[in-house]
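Student: Could you take me on a close look at one part of this protein? I'd like to hear about the space inside it and what lines that space.

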Amino acid sequence: MPGLNRRVNGKKRRSSGIPEARSKELLARTRELSALLTIAATATQSLDIEKVLNDTLDKSLEILRFDAGYLRILEPGTGNLVIRAARGLTSPEYLSRIVSIDSGRRNAARIIFETCEPYISSDIRKDPIFKYRTMERAGLISAVWVPVVSKNRVLGVMVIGSRKLHKFSKREISLLKAFGSQLGAAVENAQLYDEVSKSKAYIENLVENAGDAIVSTDREDRILTWNHGAEVIFGYGKEEAIGKNLAMLLPSGQLRELEEIRNKVQLAGLLRNLEVRRKRKDGAIIDVALAVSPIKDKDDNVIGFLYLAKDITEKMRYEHRLRELDKMKSDFVSNVSHELRTPLTSIKGSVDNMIDGITGPLNEKQNRYLTRIKSNADRLTRLINNILDLSRIEAGRIDLKPATLALVPLAQEVTESIRPVAVEKLISLEVVSPDADPTAWADRDKITQVLTNLVGNAVKFTPSHGRVRVAIERNSAQWMKISVTDTGPGIPSEETGKIFDRFYQIAQAEKQKAKGTGLGLAISKTLVEMHGGKIWLESGTGRGSTFSFTLPARQPLQTEATAD
């Protein structure tokens, strides 16, 4: 029985014993798994890319017991691979060499980037890829290139080499591929972090050095950030402002303004060009243009507000002064124009009396001179009237007196007043309308002025034997359209956008500007727009011009649409 027990016990001992080869394999697998876990932990927990690269290379060489190795990482934005970590290689020439994946030469690195698979060379000396023998000169005989990869994108190459002839096993290749995948994730994370850090630093630098004040607050108006622009504009340093309430900038009597701004921002999402007044540290009150936007969390809840403030104190001061000067100019022009009209009226009356023969008979030469004086006096009168109209428009002193206006009789009246000039140039002048009795809701005097300007210009610029037509038609149920078409030389397309500007005149073919002030069309545009209509031009060199404008067909309270 004891012997049996020994045999049984002996048998048990032999059956429970682990073969030495199996034991070594398990130990190697354990070491490999431990290395992989260590590299994975380093790759996921550290953003220090140099540490990750060096630790991964060290672990790879330690586990696989190779002599040398290095890591080439692709520089972002280039096709260049640069050695970032190396062991067992001392040649400065080799370590500083840059490998391009875009070069025409086929090398191991380029194969890796094309296939995303390892490249194995058991004997570099016999591999035609290495015809320049740089690795051989570095002392390596066998080597494997493994892609450093993340999301199927190759970011670099890890190279493990031996100074002895070595046949790489599948297990070694699989382990190195796993190392490459872990390393790829680490490289991508580090690069993304670097990009985010650079972008964050760039944005922070822009905000800090912006000339405008950029301030953020929480929902209770406590100041969270305060840039250099805010320091300059409001006089408070960062340490004085951060943590304080934004209400410290409000002048007395405006304490509810912040609450109103918050409510508007939460409703509208963004406020722009708010002109408000703020108090500096020294007590001075300044004018500020303000833009306010909400700051939201990931759940779209408003957690604060961002204020962008620009000091417009000088701008407001200049605008106020310009308004004063503009009023002074308008008053001066108006007074001077009125003063000019009195003697001009007297001159015109005297000339008319002389032409009518009241002062005695005139010879042909005297009559010619007096007619020229009368013509120039009439022109001067029109100029003064235009300047007065412009002055009144700028001062807002023109009132409309609209009524139902029969358009065809009005157009015929205007054309008849200009017909003598048209007859002298043998120009056909007509008024047409498809409607029996078209009417508009407009001020008769103002529309007479508009039509006189347009028809007068058309006759002036149309050559002899030409044609000018005034067309009146319904543009829609709410609007009437009046068009003045001529057969003149037309207006170049590059000048049509300026034609309604004040004092703008078109150069004629012989490069001479037309006589006049360049105010008629500008005044006409303003008068039409005061009625709610619009005026426009259709023209082109050599094909005449058509000036059109719209007027409401009935009282504004009944008008349901804007001018087309």
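Tutor: Let's start with the cavity and then turn to the cores and one buried residue. Keep in mind that this is a predicted model.

If you search the whole structure for cavities of 30 Å³ or more, you find one. The largest cavity holds about 110 Å³ of space. So who sits around it? Its lining is made up of A213, V215, F234, L246, L249, L250, L258, R278, L290, Y307 and A309. Two elements, β7 (213–218) and β11 (302–311), each give two or more residues to that lining. Sort the lining by type and you get ten nonpolar residues, no polar ones and one charged.

Now for the cores. In soluble globular proteins, nonpolar side chains tend to be buried together. Here, the largest nonpolar core has 42 residues, and L451 and F549 are the ones touching the most other members. Leaving out residues up to four places away in sequence, L451 touches L410, A411, V414, G456, V470, I482, V484 and F549. There's also a second, separate core of 26 residues, with I63, V144, L176 and A190 among them.

Last stop: N107, in the loop between β3 (99–100) and α5 (108–115). N107 has a relative accessible area of 8%, and because buried means under 20%, N107 counts as buried. A polar atom of the N107 side chain lies 2.7 Å from the backbone nitrogen of R110. Setting aside neighbours within four places in sequence, N107 is in contact with V99, S100 and I129.

Definitions and conventions: Residues are numbered from 1 along each chain as its sequence is written. This is a predicted model: local features need pLDDT of at least 70, side-chain atom pairs count only at pLDDT 80 or more; totals for chains, interfaces and linings use all residues. Side-chain values use heavy atoms; hydrogens and water are left out. On a 1 Å grid over the protein atoms alone, a cavity is a set of points where a 1.4 Å probe fits but cannot get out, and a pocket is an open set with protein on both sides within 12 Å along at least five of seven lines; lining residues have an atom within 4 Å of a point. Grid points are joined across faces, edges and corners, and a volume is the space filled by probe spheres set on the points. Helices (H or I, at least four residues) and strands (E, at least two) are DSSP runs, numbered from the N terminus. Ala, Val, Leu, Ile, Met, Phe, Trp, Tyr, Cys and Pro count as nonpolar, Asp, Glu, Lys and Arg as charged, and the others, Gly among them, as polar. Buried means under 20% relative accessible area, exposed over 50%, partly exposed in between (1.4 Å probe, protein chains only). A polar contact is a pair of N or O atoms within 3.5 Å; within protein, one must be able to donate a hydrogen and the other to accept it, and residues adjacent in sequence count only if both atoms are side-chain atoms. Contact means heavy atoms within 4.5 Å. A nonpolar core is a set of buried Ala, Val, Leu, Ile, Met, Phe, Trp, Tyr and Cys residues joined through side-chain atoms within 4.5 Å.
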